[in-house]
Structure formats: C-alpha cells, structure tokens
Amino acid sequence: MKSRLAVGIASALIVMLSVAGMGIVTAKPQAPIVLGLAGAFVNVDSQEYHSAGSNATLVSILGTQLPRSSYNFSYSIDASVQGTAVSGGVRFELHGGESANSSNSSSNSNNNSSVSVEGQAQLVDMVPAVGFPLTDPTNPLACLPSCTSEVPGYFVGVGSVQGNLSGQPVSLQNVLLLVESAYLNPFGGPIFIGTSDGSVSIATTYDSAISQWSGVTSGGAVLDSSGNLVGQFGMTSKLTEDLFGGNETDHGQIALSGFVSPNAVLNSHGEFHGVSMIPTAIAGSDCTSMANAQLNSIQGFSVVLPAGTCSLTGSNSAGSFVLHSLVQGKNVKGDYSIGWSVPAIGFQGTVIARVV
C-alpha cells in the first residue's frame, strides 16, 4: 500500500512493540518468516454511517422524563464525513397515548395525555473522538485544530424538535442536535441523542449500524525480537463494519520497505484481505463520564449523558496477503494476526510469511 507515515509515528510505535518481543526476521528468506508489526491509522479520507433503532430506554424533554411504557420511538441517521467535513441528516419520532405524568393525568380528566414529538436536523459538524495525524500516542485529539481527518464521537446537526407533550406544545427551533456514533457503544448501544443545552435527552439502542471507511491509510514499523527497526510498512484500505454485530471486513493494498540484505526480498507490495472482530466490553471500559466532560468543555454545551452510553473497545484482526517482491520473480505470501489498542487506533501483531 502507498502511504506517507506521519513524522514521529514510527518512533512511537517502536516503543509500543519493543516490550512485546514479537518475532525474528530470519536470514533465510526461503523459510517461514515471522515479523513483528506495530502501527496506527494515519488518515481516513472518507466515512459513511447509516444507523437506525426503535427502542428508547430513556426520554426526557423540557425537564419531563417519560415513562417507558408511554411511547413508541424510532430514529435514523445517514452521515458522510470527508476529512473533517460532515454532511447528512438525522430524524427521530416519539409517539404515544399515555400521559408523561400519570398522577396529573388521573386527577384531571381534561388533560391531553398524547405524546407526539418529532426532531430532525441537517448534520454540519462533529465532536471528534479521534483526529489524524496522531502526533501524540497518549492523546487521540492532539492534532486539533489542524487535523486532516477526524472520526466522529458525536455528530452535530442544526434543526428542530416540535410537537405535543401531554397537552403542552414543544417547539425548539434552530437547536444543536447531538447524535452519538455507534462506534462509542457497539453491539446495539445504548447511544445518546439530544440537544446541546440538555432540553432533550434520549438514550436509545439500535438494531442496525453500518459504517464504511475508504482511503484509510495506516503505517508503522517492522521490528525484530529485540525491538530493532528492520523495515516499515504502509497500507491503504477500505473497511466495512457492522457495529451491531461487532464485525468488519477489510481489504486493500500493503507495501513493505526498508529491508536490507539478506532480507531485501521482503521489499514488496500487493493486496490483503481480512476480517476484524470487536471483543465484548471489558471491565472498567465505560467512558460515559469522560465523554460527558469532553462535551461540556465546549462553550454553550450543557449535557448530562445517560448512564452507560459510552464504552471503550479494541479489535482483533486476521487475514492473508499476497505481495510481489521488488526482486523479480519472487512473491511474499502469508497471514497476519493483530490486536488493536483501546480505543482502536493503534495495533501490534504478527505476520508469518513465505517467499515463493
């Protein structure tokens, strides 16, 4: 794959792998070769997101929390990200026939107990979860405000919320509507939908969430068991992920470079195909309070995220590759297995290859 590694990433990745002791490059290229890899995303050109759900676990509108049995709910979002620019739309609907405040309803037979609220917004921005290039391995947003691409944590739209809430009109115009990316809570959520001022707060699960990333560049270091740099790699890939199911398909191009004799035959380029799986949430992985603090650090935001709407996860990837060596008539074939960090922006793993 053709990739320009960000300055400083390779040295950071050497630190990541030097404690791992992941394999030795053999001096006999005809024998199986074990390579240790450590890398990270460098840039993501294009992202598409499509998600929908129909089970709100919490709804609060203008200070009134609705009983769960009093409404039917649905939402959908279609979003596109090009670098750092966001476009698309989100819509939600809330309908029911039971009063949001049953005690008041029973004491006043004239009270209108219907619930009918709809919200919609055009997506214009995001609150990023990660920005590229990664200039600090301990801070995924260190490149702000000059990132070349960003991965949304929350989509931001401008729109309206209007309708009727137990006889009282609801009319919120030109509000900022936040929609959490399913990446922050895979396997069905719940995720947060609400206004930036807290007047609307919804936690909802989802039953579909598909993302597609194109023009994804990654790169890093190839090391021996002592942590010595023996080569480097770059990848360009397309990823399609089912965040409800927790699985992803990966394919693209990869290039190995920088190898010297007797392993110069490993300087090569070609294609890879693989799959990735998100592991189930690990103990202590809840990130709701951290996300809440990030949102409320933005001027004008006053949000209380519902409990359990953010969890940190990694990923495990495996696949195969076929590369064409710069040494005429030689190919490099093999398999890879890598584990991603939490959050899943950096990785390290093993490649087992054979020169044929």
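1. Is glutamate 93 buried, partly exposed or exposed? Glutamate 93 is partly exposed, because its relative accessibility is 26% and the partly exposed class runs between 20% and 50%. Note from the start that this is a predicted model.

2. Glutamate 93 has a charged partner. Its side chain meets that of arginine 91 in a salt bridge, 3.3 Å from N to O. Arginine 91 has a relative accessibility of 32%, so this residue also counts as partly exposed.

3. Arginine 91 has another salt bridge, to the side chain of glutamate 118. Here the N to O distance is 3.0 Å. This contact links distant parts of the chain. Arginine 91 sits in strand E5, residues 85-96. Glutamate 118 belongs to strand E6, residues 115-132. The two residues are 27 residues apart.

4. How exposed is glutamate 118? Its relative accessible area is 31%, so glutamate 118 is partly exposed. Through shared partners, the salt bridges join Arg91, Glu93 and Glu118 into one network. The count of salt bridges comes to two.

5. Now the aromatic rings. How many aromatic pairs does a search of the whole structure find? The search finds 11. Such a pair is described by the distance of the ring centres and the angle of the planes.

6. One of these pairs is tyrosine 49 with tyrosine 183. The arrangement is edge-to-face. The centres lie 6.0 Å apart, with 85° between the planes. Tyrosine 49 is in strand E1, residues 33-53. Tyrosine 183 is in the loop between strand E8 (168-180) and strand E9 (191-195). The pair links distant parts of the chain, 134 residues apart. Both tyrosine 49 and tyrosine 183 are buried.

7. Phenylalanine 272 and tyrosine 336 also form an edge-to-face pair. Their values are 6.1 Å centre to centre and 80° between the planes. Phenylalanine 272 lies in strand E14 (residues 268-277) and tyrosine 336 in strand E16 (residues 331-340), so the contact ties together parts 64 residues apart in sequence.

8. Are phenylalanine 272 and tyrosine 336 buried or exposed? Phenylalanine 272 is buried, because its relative accessible area is 6% and the cut-off for buried is under 20%. Tyrosine 336 has 12% relative accessibility, so tyrosine 336 counts as buried too.

9. Which residues do ring pairs link into a cluster? The cluster holds Phe41, Tyr49, Phe132, Phe155, Tyr183, Trp213, Phe233, Trp340 and Phe347. Tyr49 and Tyr183, the edge-to-face pair described above, are among them.

Conventions: Residues are numbered from 1 along each chain as its sequence is written. This is a predicted model: local features need pLDDT of at least 70, side-chain atom pairs count only at pLDDT 80 or more; totals for chains, interfaces and linings use all residues. Side-chain values use heavy atoms; hydrogens and water are left out. A salt bridge is a side-chain nitrogen of Lys or Arg within 4 Å of a carboxyl oxygen of Asp or Glu. Buried means under 20% relative accessible area, exposed over 50%, partly exposed in between (1.4 Å probe, protein chains only). Helices (H or I, at least four residues) and strands (E, at least two) are DSSP runs, numbered from the N terminus. Rings of Phe, Tyr and Trp (its six-membered ring) pair if their centres lie within 6.5 Å; planes under 30 degrees apart count as stacked, over 60 as edge-to-face and the rest as tilted.
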